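Student: Please take a close look at a single part of the model shown here, and describe its surroundings step by step. I should like each term to be explained when it is used.

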Amino acid sequence: MKITLGEKRRWAFAAFSGSLLLTGILGLFRVPSTPPSSGAGRTQAPVQIARPSRVDPILQEETELRDLTPLFLPTERNASLPQPRREPGRTLLDEENPKYRFSDAELTLSKGLPPAATLSGKPAGAAEPVDVFAPQILGGSLAGFGRQQIEEGTFKSRGGFLEVVAAGTGRVVLAEALLGIGRPPGDKVWSPVEYLAVVDASGLAIPLIVTEGSRLAEVDAFLGNYLTRNYQLGGRLPPGFYRVTVAP
């Protein structure tokens with residue numbers, strides 16, 4: 001029986017396809033691997049202890065974070081240093097040796113003083129410590145060289161002192177002592193009281209407004225009533241706004 005060329009090709013293609021199919025089927029199966037042998041013959045990686053250094057900053061920070069030494073031993077985190085104390089020794093001023101151009105005998109305070117520098121009528125060089133208590137010196141407190149007797153005046157009795165300042169210019173338009181006012185009610189000490197005055201052509205446009213009191217309501221009312229009725233403050237000032245202050 002004679003095989004033609006076409007039949008040979010069909011048989012070759014069939015054989016090739018069969019071999020591919022057989023190879024695919026064998027790939028679905030796996031040969032079981034041999035179990036691992038005991039560790040006697042296997043080499044293990046060596047264990048090394050890492051040392052913190054500046055080369056590895058992360059390892060150094062973790063080592064400082066897990067360090068328990070600050071919990072038991074005194075360190076800069078849980079203990080403070082003692083206060084510094086000065087050790088005995090010499091200072092810079094000890095090295096300074098003063099060199100005077102005069103002796104102790106030549107050191108006199110009266111040298112070079114003017115003739116008016118007297119104490120109890122004596123020159124400064126001839127005065128003695130007892131001359132400080134002379135009657136003419138005790139009359140004036142804190143008397144010094146060349147000072148004369150101080151004439152002390154007596155204060156006149158007054159009920160208060162009035163000062164009126166223009167609000168627009170800040171100029172003092174009226175300042176005088178209130179002699180006929182009498183004593184404000186009460187025995188307590190009162191502070192200066194300040195009013196706001198609004199003056200028009202007919203006098204005070206509105207009653208005096210207390211801007212800063214004297215800490216006593218009866219004193220504020222007494223002084224405001226006196227300035228309005230008795231003193232006639234509105235008739236003494238030209239129209240405008242004023243800051244009125246009454247002090248003891």
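Tutor: Let us begin with exposure: a residue is buried when its relative accessible area is under 20%, exposed when it is over 50%, and partly exposed in between, as found with a 1.4 Å probe and protein chains only. By this scale Ala205 is partly exposed, at 41% relative accessibility.

Two remarks on reading the model come next. This is a predicted model, in which local features need a pLDDT of at least 70 and side-chain atom pairs count only at pLDDT 80 or more, while totals for chains, interfaces and linings use all residues. Residues are numbered from 1 along each chain as its sequence is written, and side-chain values use heavy atoms, with hydrogens and water left out.

Ala205 sits in the loop between β6 (203-204) and β7 (209-212). Such names refer to DSSP runs numbered from the N terminus: helices are H or I runs of at least four residues, and strands are E runs of at least two. The chain holds five helices and eight strands, in the order α-α-β-β-α-β-β-β-β-β-α-α-β from the N terminus on.

What does Ala205 touch, not counting residues up to four places away in sequence? A contact means heavy atoms within 4.5 Å, and the partners of Ala205 are Val198, Val199 and Asp200. These three residues fall within the range of β5 (193-200). Ala205 can also be placed relative to Gly240: their C-alpha atoms are 9.9 Å apart in space, although 35 residues separate them in sequence.

The strand β5 therefore deserves a closer look, since Ala205 touches Val198, Val199 and Asp200 while being partly exposed itself. Two strands are said to pair if DSSP finds at least two bridges between them. With β6, β5 pairs in the antiparallel sense over two bridges; Val199 has Leu204 as its bridge partner in β6. A hairpin of two residues joins β5 to β6. With β7, β5 pairs over three bridges, again in the antiparallel sense, and Leu196 is bridged to Ile209 there. With β8 (240-247), the antiparallel pairing of β5 runs over seven bridges, one of which links Glu194 to Thr245. In a regular strand the side chains alternate between the two faces of the sheet.

How confident is the prediction here? The answer uses pLDDT, the predictor's confidence in each residue, from 0 to 100. Among the elements of the chain, β5 has the highest mean pLDDT, 93, and helix α3 (residues 135-138) the lowest, 54. The chain as a whole averages 78, and 79% of its residues score at least 70. Where pLDDT is low, the predicted coordinates should not be read in detail.

β5 also contributes to the interior. A nonpolar core is a set of buried Ala, Val, Leu, Ile, Met, Phe, Trp, Tyr and Cys residues joined through side-chain atoms within 4.5 Å. In the largest such core, which has 23 residues, Leu162, Leu227 and Leu233 touch the most other members. Two or more residues come from each of β3 (160-166), β4 (172-178), β5, α4 (217-230) and β8. In soluble globular proteins, nonpolar side chains tend to be buried together.

Leu227 shows how these pieces meet. Apart from neighbours within four places in sequence, Leu227 is in contact with Leu162, Leu178, Tyr195, Leu208, Gln232, Leu233, Val244 and Val246. One of these, Gln232, lies in the loop between α4 and α5 (233-236). Gln232 is partly exposed, at 46% relative accessibility, and has a positive phi of about 55 degrees although it is not a glycine. A positive phi, near 75 degrees, is also found at Arg215, in the loop between β7 and α4. Arg215 is exposed, with a relative accessible area of 68%.

Finally, the part may be set against the whole chain. Of its 248 residues, 17% count as buried. Among contacts with a separation of 6 or more, 51% join residues 24 or more positions apart. The partners of Leu227 are again worth recalling at this point: Tyr195, Val244 and Val246 are among them. Ala205, where the description began, remains a partly exposed residue of the loop that follows β6 and precedes β7.
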